[in-house]
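The following exercises concern aromatic pairs, charges over rings and strand pairing. Please work through each task before reading its solution.

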Amino acid sequence: MMKKGFEKGGLSVRVRYLHNRMWKEKTVALAEVFAWISGEKYRKRVDAVRGRELIMTREGMESGYIAAEELPMVFIGCETGLVLLSVRVEYQEELEALRRRVNLFPQTVMSFAGSSGRSLKIVMRFALTDGSLPTEARESELFSQYALRRAADFLFATTGMRADEAGSDHFRVSADVKAMLNETAVAVMMPQPTEPLSDATAPILHRSEEPELNKDVLPGYTRREMDITKFNMLCRQLAFDRWQEPDEQLLQLSVECRKAGIDHEVAAKCILALPRFREKESLVRSSLENAYCKHPAGRKNPLEPSLIYQQLMQAFIKRRYSFRKNTVTGDIEYQEKGRYNLSWRPFTEEVRNDMNSAAIDEGIKVWSRDLDRMLNSATVTDYDPVREWLGKLPQWDGRDRLGEMADRVPTDTPEWRSDFKVWMRSMVSQWMGRNRTYGAQMVLMLVGAQGTRKSTFMRLLLPDEMAQFYIDRIDFTNKKEALRALSRFLLINIDEYDQISPSQTAYLKHLIQRTDVKERKMYETTYQQLQRYAAFCATTNSLHPLKDESGSRRYLVVEVSGRIDTDTQGDRRIDYPQLYAQIVEEVRRGEPCYFDGAHEQRIQERNRDYYETPTVVSLFDDMFRKPEAGDKLLSLSPTEILSIIRKERHVNIVNQSNATLIGAYLKRCGYKKTYRSYNVTIR
């Protein structure tokens with residue numbers, strides 16, 4: 001339904017939608033989004049998300065979360081004063097009851113069932129005390145944080161239900177004929193906050209407002225349903241002997257019902273429902289009267305204690321915490337529902353102990369392994385922080401910030417600007433999971449003097465939100481950890497590249513070429529295939545860092561000619577959302593995300609100046625050169641050349657490794673070859 005009072009040209013939101021297989025972005029009126037949700041435009045796809053039918057996706061005819069990928073995303077911007085709450089529900093009746101409550105709030109702008117059908121989305125409106133909204137970015141961010149907390153607190157105080165994902169600022173378009181829109185909703189007035197939310201500014205809400213766990217009743221059960229469950233369990237345990245007399249069965253069952261604490265009347269109706277006692281109401285009631293009158297109600301529960309405590313633990317965890325699995329780090333993160341400071345924290349050993357202690361305080365017998373078993377299951381949803389951040393990027397404004405980033409590096413290296421753009425696009429396309437054939441298989445290497453801020457520039461490539469996924473130290477001798485780093489970091493900087501050994505260089509070459517990560521966890525027999533996120537970069541002060549000529553095509557070597565501009569203050573501030581919005585737009589537009597064969601050949605030619613010259617090659621250059629007209633030609637094999645050098649310089653260098661080096665060097669430099677010998681002349 002749509003409340004009266006809506007005025008055309010009211011609130012607007014930002015929408016990202018798929019058009020001709022390209023993601024576009026535009027600003028639309030909230031009323032238009034409401035029309036999509038309450039109408040039939042996306043109903044078929046939403047029905048597929050909810051598992052009611054199949055629809056064509058990138059994976060073929062599918063349903064479920066894959067079908068949701070092509071639904072438009074609606075972003076609730078804090079500049080409009082809107083706040084989005086999402087409340088997860090178990091049953092449709094629970095959703096409808098909550099909907100009726102929130103639709104009565106004068107602060108509710110819009111409410112509708114989420115695309116999954118298992119949550120209610122609620123949009124509320126906030127404003128400053130003078131009716132305006134913050135204009136500065138920092139003030140707007142703080143205002144949004146506090147508004148979200150107040151909205152969640154208000155919802156809990158009035159309905160007893162908590163917002164499921166504090167901090168979410170977008171949702172997928174849904175389909176709900178009962179959706180409600182009221183753009184003239186009353187704005188909640190709030191003063192401008194001056195400090196971020198923290199444990200001090202966002203105290204724990206009163207636990208006394210939450211229902212206490214009843215250890216005689218399973219979570220979600222009524223007392224009557226619990227009594228019937230106990231009766232069914234008793235019948236299973238007693239397993240009446242067919243040769244036992246009915247009156248003996250009745251007396252035994254009556255006594256056990258009394259011991260289990262089953263309500264007298266419930267026990268009577270359950271026994272009368274059994275075929276052998278259906279027509280004997282007087283006998284049944286007199287037997288129960290005798291069993292219940294002589295003794296007080298008992299407390300012997302026929303349900304296994306382990307079953308009871310397991311369900312109590314699940315209810316306790318669901319009531320007080322939210323969990324998610326970070327797909328980049330592989331770690332479990334948690335959020336305490338009693339706090340609305342929008343922070344997810346790592347699930348550490350200390351946190352596990354605190355949760356167990358809190359459960360024990362509520363009378364729940366629990367072991368650490370019980371909590372671990374719950375969290376290491378499919379019930380914990382996956383969370384990809386990289387794609388989440390990329391998904392929230394604004395529309396690119398057209399300014400070439402990627403080129404401006406490249407211009408911060410002073411260099412005489414030709415094609416640096418275009419090469420840097422391709423390298424950055426290859427890194428981001430790998431984050432997006434779009435390029436599984438090539439990946440980010442080029443190492444960006446900055447070569448220059450000490451103090452030119454090479455490492456600082458590498459750190460500046462990632463925004464603050466992704467800074468935790470940057471690393472500048474990795475141990476290539478620990479091959480398992482080095483391989484795991486491909487899926488746990490976004491950018492791996494090999495600082496002081498010239499310090500790594502030839503064997504480590506060989507393994508690095510193997511890592512660079514991998515497009516995914518296959519990992520087998522301890523004590524498991526199956527391998528997990530993980531997405532590779534990491535791109536590689538390197539810094540060095542050496543002007544000859546390359547050791548392996550065969551692998552030099554994997555290095556984009558750039559010689560820095562001065563101090564890199566790493567100033568990020570004032571006008572030099574890096575607008576990361578727009579920078580990465582440009583990269584994402586160019587990736588989706590089909591701009592080059594990898595270097596083709598011809599380009600790799602040019603890079604390899606350019607890298608010749610950065611090879612580390614082996615001693616045996618230097619000795620050769622000191623004694624031999626290419627023949628010119630009139631020179632005396634010598635046709636020598638690499639081994640014969642080494643023998644002459646040993647005789648003249650008195651050094652023992654004759655071995656297969658040096659012969660291979662000399663042969664490769666002669667071939668690369670264009671010496672004329674006849675069978676196994678090369679034409680040279682002595683200097």
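The exercises below refer to this predicted model.

**Exercise 1.** Classify the geometry of the ring pair Tyr 321 and Phe 323, and determine whether each residue is buried or exposed.

*Solution.* A search of the whole structure yields 13 aromatic pairs. For Tyr 321 and Phe 323, the ring centres are 6.2 Å apart and the planes meet at 45°. Planes under 30 degrees apart would count as stacked and those over 60 as edge-to-face, so the remaining class, tilted, applies; the pair is therefore tilted. For burial, the cut-off is a relative accessible area under 20%. Tyr 321 has 8%, so Tyr 321 is buried. Phe 323 has 12%, so Phe 323 is buried.

**Exercise 2.** Characterise the pair formed by Phe 420 and Phe 457, and state which helices hold the two residues.

*Solution.* Phe 420 and Phe 457 lie 6.1 Å apart, centre to centre, with 45° between the planes, and the pair is tilted. Phe 420 belongs to helix H15 (residues 416-431) and Phe 457 to helix H16 (residues 454-460). With their positions 37 residues apart in numbering, the pair links distant parts of the chain. The relative accessible area of Phe 420 is 0%, so Phe 420 is buried. Phe 457, at 0% relative accessibility, likewise counts as buried.

**Exercise 3.** Which residues are linked into a cluster by ring pairs?

*Solution.* The cluster consists of Tyr 321, Phe 323, Tyr 334 and Phe 347, linked by ring pairs.

**Exercise 4.** Describe the strand pairing of S12, and identify the bridge partners of Lys 325 in S13 and S15.

*Solution.* Begin with the strand itself: S12 covers residues 321-326, and 5 of its 6 residues are buried. Next, S12 pairs with strand S13 (residues 332-336) in the antiparallel sense, over 5 bridges. In S13, Lys 325 has Ile 332 as its bridge partner. The hairpin of S12 and S13 has 5 residues between the strands, and Gly 330 takes a positive phi near 80° there. Finally, S12 and strand S15 (residues 381-383) run parallel and are joined by 3 bridges. In S15, the bridge partner of Lys 325 is Asp 382.

**Exercise 5.** How far are Lys 26 and the charged end of Lys 626 from the centres of the rings they lie over?

*Solution.* Lys 26 lies over the face of Tyr 17, and the distance to the ring centre is 5.1 Å. The charged end of Lys 626 sits over the ring of Tyr 671, at 5.8 Å from its centre.

How values were computed: Residues are numbered from 1 along each chain as its sequence is written. This is a predicted model: local features need pLDDT of at least 70, side-chain atom pairs count only at pLDDT 80 or more; totals for chains, interfaces and linings use all residues. Side-chain values use heavy atoms; hydrogens and water are left out. Rings of Phe, Tyr and Trp (its six-membered ring) pair if their centres lie within 6.5 Å; planes under 30 degrees apart count as stacked, over 60 as edge-to-face and the rest as tilted. Buried means under 20% relative accessible area, exposed over 50%, partly exposed in between (1.4 Å probe, protein chains only). Helices (H or I, at least four residues) and strands (E, at least two) are DSSP runs, numbered from the N terminus. A charge sits over a ring if NZ of Lys or CZ of Arg is within 6 Å of the ring centre and within 35 degrees of the ring normal. Two strands pair if DSSP finds at least two bridges between them.
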